[in-house]
Structure formats: C-alpha cells, structure tokens
Protein chains: 2
Amino acid sequence: MTSPLDAVAGFHLRAIKAGIKVSGNWDLGLIYADAPAACAGIFTQNRAAAAPVLLDRAALKKNRGRARAVLVNAGCANACTGETGMNRARACAAQVAAGLSCPPEAVLLCSTGIIGQQLDPRVMKDGIKRLLAGEGGAGADFTQAIMTTDTREKVAAVTLKNGARIAGVCKGSGMIAPQMATMLGFVLTDAKIAPQKLQTALQAAAAASFNLVSVDGDTSTNDTLLALASGAARDGEITGKNYAEFYAGLLAVCKSLAEQIARDGEGATKLVRVVVKGAKNAAAARSAARRVGESPLVKTAMFGNDPNWGRIICALGNSDAHLAPEKTTIALCGKTLFKNGAPQKFDAAALSAKMKAPEVAINIDLGQGAAATEFLTCDFSYDYVKINADYHT
Amino acid sequence: MTSPLDAVAGFHLRAIKAGIKVSGNWDLGLIYADAPAACAGIFTQNRAAAAPVLLDRAALKKNRGRARAVLVNAGCANACTGETGMNRARACAAQVAAGLSCPPEAVLLCSTGIIGQQLDPRVMKDGIKRLLAGEGGAGADFTQAIMTTDTREKVAAVTLKNGARIAGVCKGSGMIAPQMATMLGFVLTDAKIAPQKLQTALQAAAAASFNLVSVDGDTSTNDTLLALASGAARDGEITGKNYAEFYAGLLAVCKSLAEQIARDGEGATKLVRVVVKGAKNAAAARSAARRVGESPLVKTAMFGNDPNWGRIICALGNSDAHLAPEKTTIALCGKTLFKNGAPQKFDAAALSAKMKAPEVAINIDLGQGAAATEFLTCDFSYDYVKINADYHT
C-alpha cells in the first residue's frame, strides 16, 4: 500500500508493532529526514502537558526550528508521569539521536494513549532499535501506528505548481476540542521554507482548521501539530511570490485532516457543519459556532435526527455572540426554522428524514455584522458513551 | 398526600391537568398569596430568555419586589416565540390578575418544556379559569405539574426557631448548568422579610447551591428561581438578630434542591461530588470544579465505573485554575490516585467496584491556596443520549 506521505522527498517513514498497544497493532512510528528539516510546532494549551510536549517545546527552541526526526507512539500518552516520564522520554530521544548521529534536541517525540501510564523502557528500547535497523513498513503503516480510538486513517496531500508536495497525517477521535491543534498531526513538505515562515503559516492554518473542530470539548494533554520541510524538492523554494500558493496548500491539507477528525469522532454517525455568518466580529462568530457545536443537547438531537432548533438558539444564547433573537435566522439542512424572532412552519417528519445523512449543516445568521466561521463537529451517540465508559485505565 | 409547601402560612398552591403536556399529566400550577408577598427573583442569563422571563423581570421591577401569584406551566417553554408568545403570556397574567383582583404586574409567570412552541390560548384560558375557580390539588400536585423529564419530585423544607417555615420546590433534569439558578425553583416562606433583603439572601444562596450544579452544561432559556415571603407566620419577622438563621435555612433548602437536581440528572445513575480545595482563589476553585464536573469524558468514566483520573487532570489542565501538576492531589472514593506529580499505585478492580455506588466523590487539592468549593453533577449514560435523542420537537 502506498501513501502520499512516502512521496515527499527528503523524508522516510517507518512503523512497527512494538508491543505498546494491548491489541498488538502498529504502535511505534518514526519520521526521519535525510538532513535537518525546518520544523514548526503547535502544542496543547492544557496545563497538564505531557512529557513529550514539554521536551518538544524546549528542543524546537534549542534547535532553532529545525529537526531530524519525530518518534511517535500510541497506546501510552506519557502524560502526568512525573520525573520518571520525563527521563524515559529523554532516553527515547537520545537513542534515536545516537542512531541518526544528530543531537538529541533534533529528535521530537509524540505520545498518545492512556494518561498516567509510564512507557515501558525495555519495549521502547527494543522498538527504537528495530526502527533504526530499518525494520518496519512505510507511510501507510505509520498512519496506523499513531491511531488510538480512530476507526479510519486520516491523510491528505496536495502538489504545488513548482512540484513541491505537502502531505499530512493525523489521528484523533476523542478528547478533541479547539484551543490549538488536534491530538497528533504531522505535515511533511519537500518545499524549501524558513522555520519562522513555516511556523507563521502553520499557526494560521491551524487556527482555520484544527481549532474549529470539536468532538467532546476536552483538549488533550498531548495535542501536537508538527510541520516539517525538507527542502528536498527540486525548484521547491517558497518565496514571496508563491507563498500564497504554499499557504493555500497547507491550509487545504489541514482542513481536510480536521474534517476527517470530526467525521471519525468517537461514536459519530454523522458530520455536523455549523456555519455562522452575520456576527459582529470573528470572536463572536467563533463563540457562537463553538457553543452550538459543543452542546450535548444539540449533538444528541443530531443523533436522533430531531430538528430541535430550540436547543440551537439556547446554545447561541449562552455564547459570547450577544445574540439578538429578533435578528437571528437558523436553518437546518437548508430549511429555515427560526426567523424574525419567531418559529417558522416546517414539515418535521420530512426534515427528520433529511437529517439521516452522513453530513448535516446548521446555518446561523446572527444578523449583526459581517464576520463568519465554520465549525465542524459530530453527533453524540450511544457509542460515544460506550467507547468512553469502556475505555478502562 | 401532604407537602411541606402547604404548611407555609399565607400561600395556597393548586395544580391541574390542563392538557398542555402530551402525556395528559399535571401541567398547570398556581401559587397565590393572601396578600402581596415580598418577592425575590433570579433569572437566566441566556440571551434567548423566554417570554415569561422577560415579563417577570419587568413585573418585579414595576411592582417593587412584591407579588401575589405565580402561574407555572410545563410542556411548553414559550421561549423564542416572538411577539405572539409575549402577548399570550400577557393574557395569562391578566386573567390571573383579574381573578385575584390585583394588578397584572403582581402576577409572575414561569414556563418550561419545548422551546419554540406557542402556548395554546384556549387551553391556557380554560386551565386558569379552573384554577381560579378553586379546582385542583395542593402542593404535592403542584410539584408534579412543574416537572418535564424529571423522574423524582424535588422538595425541601426547614422551620426556623421563631416558627417561620421555609419550603422549596424545583424541577430540572436536563439543560442544567450553573450561571444563575436551576430551571424552575420556588421557595416560599411565611417569615416577614423586606424584598431587598430577600433578594440579597436569595442571590447568595443560589450562588452557593444552584450555580454549582450541572447536568449537561447548557443554561436554559427559562431558568427562574423565585422566593416569596408572605410574612403570615406569627412572630416570623426576620431582623438583624435572626437573619443569619434565616439565611442558613434558605441555603439549606436551596442546597437540598440543587442536590436533588444533580441526582435526578437526565439518565443519571449516580451523583458525582467534585470537591476542590487548595485553590488560589474562589474563581479558580469554581473553574476547576466546573470543568471536571462538565467534562463528558469524566462523566462517561463515572458511568463506566472507571477510575480514569487522567481525564480528571486533563479537565483541570483546561480550567482557569492554573494547574500545577506537581502540587496537585487527586482522590476518588477516598483513594489517592495522583500525588506529587506522579501516579499512585492502586487496585483498579477494587476501586471500580467501589464506584458502583449511588454517590461518588472526586477530591482535588490544587495545593496553591485556601479557596475551596463543591460542585455537583451526575454521570453521563446511554440513557442521557436516549432521552435527548428521542425528546422530539
């Protein structure tokens, strides 16, 4: 199986079944570059940030936005694991660095899985040894190795006019909320771009994609989004001239990945697109969209195919959007349900039937200004409860 | 069946089956006082406030904190119903006022039920006529008449040393979140207290009770908490001397009602008590407790009897409590799970068995100061999803 990740020049991906996941599936992956790559990173704002997040922040700073490798494991988050967790993470980075003959700060780490469990040092040592020895599949297996409760692989790619490629992969299904990035996301490009410029582009792209997605409103302890640029594509330099095209490509990859996360939300039966316009300003638009997209009452109504617009306006009323009901219009699946401060007549049975689709749109016009946004979420089903009541520590 | 509500001197309660609820159950209730009572009110902060909320706010102001009657219906929220909804609410108040020979601003209205539906003017007119004619049961039936998805009646009462009584009743099971009060709550007392003093006491009591409860994080469009004081108890005057006792009694009634709401949360199988101490200040304590108590991941873990403290610390890390993991201690059912920045060993099977109780406590010490709070919530079950996916508009 080939993956668009393997087509990005200057990078190599590997993955093995190291024995971290109880299921015995792929669980340890390595991305490495032939030469130091420009690297941008966005990390969780959760104050209980995991050991790998703490190390990566320091490493990226120390190494001035460059990296040679990223080691990723699923099955154990190495979060809230104290000094032991930090030391075990450092040992992993040191082992990869020794194998690639680079300084430890050129190696980034990402972990995802259960919070509060320690990495098994023997399992990690053996796994890293196998990866460094050249064992393991490529991009497609790497995509599997970073998954936890995900049911689908999440990959997106574009090619720029100058031939440079941008390919991204991410994981995330639960503990997903805007505030920075997704749980784990990696975007590789063989374009040539300076670290600072890459960081600026990544922040803007994340704000317009991963930060507008929610499954359950909980920002995880391990959220990390990394972009690495090898510069290995011939004529792949990003200049003032083609920066806009590069950014558009990066944004398209991030948006596609973010949408894949919402579609694959834990227990989700459908994607819910909350489109807000007419807001006073961007912050009001985001607050309105997020409040609707994160309301358990709205999300269970979507699961039940119930055109319950009352819960939508209730959520709007609790947002920071300064709702004025008389100026507000709410439509569901294209049907206007509330307008001019009053309910509109509609055929509830017909609309409910229409809601039994893999994608449902809630369109809100706040009637107050020109700001707009789109927020992606999913419905709230029995299976969300099942998955999260059964996912035992 | 007698209710402590009926024992409060100076008030009368009635309730009938008017035909508003599809089920045909009790759905229209009236509280009326023999003479104008001091009245305090706290209303939803939702910007899509319902017609009765808008009218009550104006009426209480116009009538300077006095009221003769409260008409309450369940089955229709009369929220987001535009000018038609306002006019129908006004007609109800006018009819009650005519029957009691008082000005319309002495009549308060409360509605609860589905948002966006209009009250049926004929059904309301007939119902009010029957109530004014003396038809209908007393306190016990009134308690039923205000219920929607509630599975239990919620009543609490105390008697002060001077013989004055305080009795409260409330409803609320879903769309419950702190921000002011519960959905609908009524506290009656035959103590003699000035409106301003009653309002001050009610606000303080609500902040320490109803505002520290959440079922699903959504503040409804109809939340209303009213306290009425008839002054009909002999020697029941509240002075500087016995104000503290009065406040303690009011607080006890409010706290009991709030706890009853959390216990009866939609689909709840258990009460979850989130106790935070060691916070830097009161706001930090509240933010920490609320974030834990509202996290769907924590709530589903409680349903699954899963001692998943990682989700608790993740929620704390997303709060405004400036979490410092190394100073934080987390205990579940009395067992310490996280301390000094590191996980503690525990018997997961034994603790899971202990969690199969009607009440579970999460104790958090933030290790940063002296502020503390207690937040009440419930677990998140299949039945929450079922109730809210099936509660069709």
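Is Asp235(A) buried or exposed? Asp235(A) counts as exposed, because 10 C-beta neighbours fall inside 10 Å and a residue with 12 or fewer is put in that class. The model discussed here is predicted.

**Chain A as a whole**

Chain A contains 11 helices and 14 strands. Its radius of gyration is 22 Å, close to the 21 Å from the globule rule for 393 residues, so chain A is as compact as a globular protein of that length. Along the principal axes, the C-alpha atoms of chain A fill a box of roughly 70 × 50 × 40 Å. Of the 393 residues in chain A, 62% are buried. Contacts in chain A between residues at least 6 apart in sequence are made up to 81% of pairs at least 24 apart.

The domain assignment splits chain A into domain 1 (4-263) and domain 2 (271-390). The C-alpha centres of domain 1 and domain 2 of chain A are 33 Å apart. Where the domains of chain A meet, 12 residues of domain 1 are in contact with 12 residues of domain 2. On the domain 1 side of chain A, the residues that touch domain 2 comprise 6 nonpolar, 4 polar and 2 charged.

**Helix 6 of chain A**

Helix 6 of chain A covers residues 243-263. At 1.5 Å a residue, its 21 residues should span 30 Å, and the end C-alpha atoms are 30 Å apart, so the two values agree. The buried residues of helix 6 of chain A include Phe246(A), Gly249(A), Leu250(A), Val253(A), Leu257(A) and Ile261(A). Glu259(A) and Gln260(A) are also among the buried residues of this helix. In an α-helix there are 3.6 residues a turn, so residues three or four places apart point the same way.

What do the buried residues of helix 6 of chain A pack against? Their partners in chain A are strand 5 (154-159), strand 6 (165-171), strand 7 (184-189), helix 5 (195-207), strand 9 (271-279) and strand 14 (371-378).

**Individual residues**

Val8(A) lies in the segment before strand 1 (11-16) of chain A. Val8(A) is classed as buried because 29 C-beta neighbours are inside 10 Å, where the class begins at 20. Leaving out residues up to four places away in sequence, Val8(A) touches Arg165(A), Ala167(A), Leu188(A), Thr189(A) and Asp190(A). Val8(A) and Ala285(A) are 277 residues apart along the chain, and their C-alpha atoms are separated by 37 Å.

In chain B, Leu225(B) belongs to strand 8 (residues 224-229). Leu225(B) is buried, with 29 other C-beta atoms within 10 Å. Between the C-alpha atoms of Leu225(B) and Ala89(B) the separation is 18 Å, for residues 136 apart along the chain.

Two loop residues of chain A have a positive phi without being glycine. Ser101(A) has phi near 55 degrees, and Asp235(A) has a phi of about 55 degrees. Ser101(A) sits in the loop between helix 2 (82-100) and strand 4 (107-114) of chain A. Asp235(A) sits in the loop between strand 8 (224-229) and helix 6 of chain A. The table gives the neighbour counts for the residues discussed.

| Residue | Other C-beta atoms within 10 Å | Class |
|---|---|---|
| Val8(A) | 29 C-beta atoms | buried |
| Leu225(B) | 29 C-beta atoms | buried |
| Ser101(A) | 8 C-beta atoms | exposed |
| Asp235(A) | 10 C-beta atoms | exposed |

**The contact between the chains**

Chain B superposes on chain A by a rotation of 180 degrees with 0.0 Å of shift along the axis, at an RMSD of 0.0 Å. This is the relation of a two-fold axis. Of the residues of chain B, Tyr382(B) comes closest to the rotation axis, with its C-alpha at 2.7 Å. Both copies use the same surface, and 100% of the contact residues of chain B recur in chain A.

The contact draws 53 residues from chain B and 53 residues from chain A. On chain B, the elements that each supply at least two residues are helix 2 (82-100), helix 8 (296-303), helix 9 (309-317), strand 12 (342-343) and helix 11 (382-390). Helix 9 of chain B gives the most to this side, with 7 residues. By residue type, the side of chain B that touches chain A divides into 26 nonpolar, 22 polar and 5 charged.

Methods:
Residues are numbered from 1 along each chain as its sequence is written. Chains are lettered from A and ligands numbered from 1 in the order in which they are written. This is a predicted model: local features need pLDDT of at least 70, side-chain atom pairs count only at pLDDT 80 or more; totals for chains, interfaces and linings use all residues. Two residues are in contact if their C-beta atoms, placed from the backbone, lie within 7 Å. Helices (H or I, at least four residues) and strands (E, at least two) are DSSP runs, numbered from the N terminus. Ala, Val, Leu, Ile, Met, Phe, Trp, Tyr, Cys and Pro count as nonpolar, Asp, Glu, Lys and Arg as charged, and the others, Gly among them, as polar. The radius of gyration is taken over C-alpha atoms; the globule rule is 2.2 Å times the number of residues to the power 0.38. Domain bounds come from an automatic or database domain assignment. The expected span of a helix is 1.5 Å times one less than its number of residues. Copies are superposed by least squares on the C-alpha atoms of residues with pLDDT of at least 70 in both.
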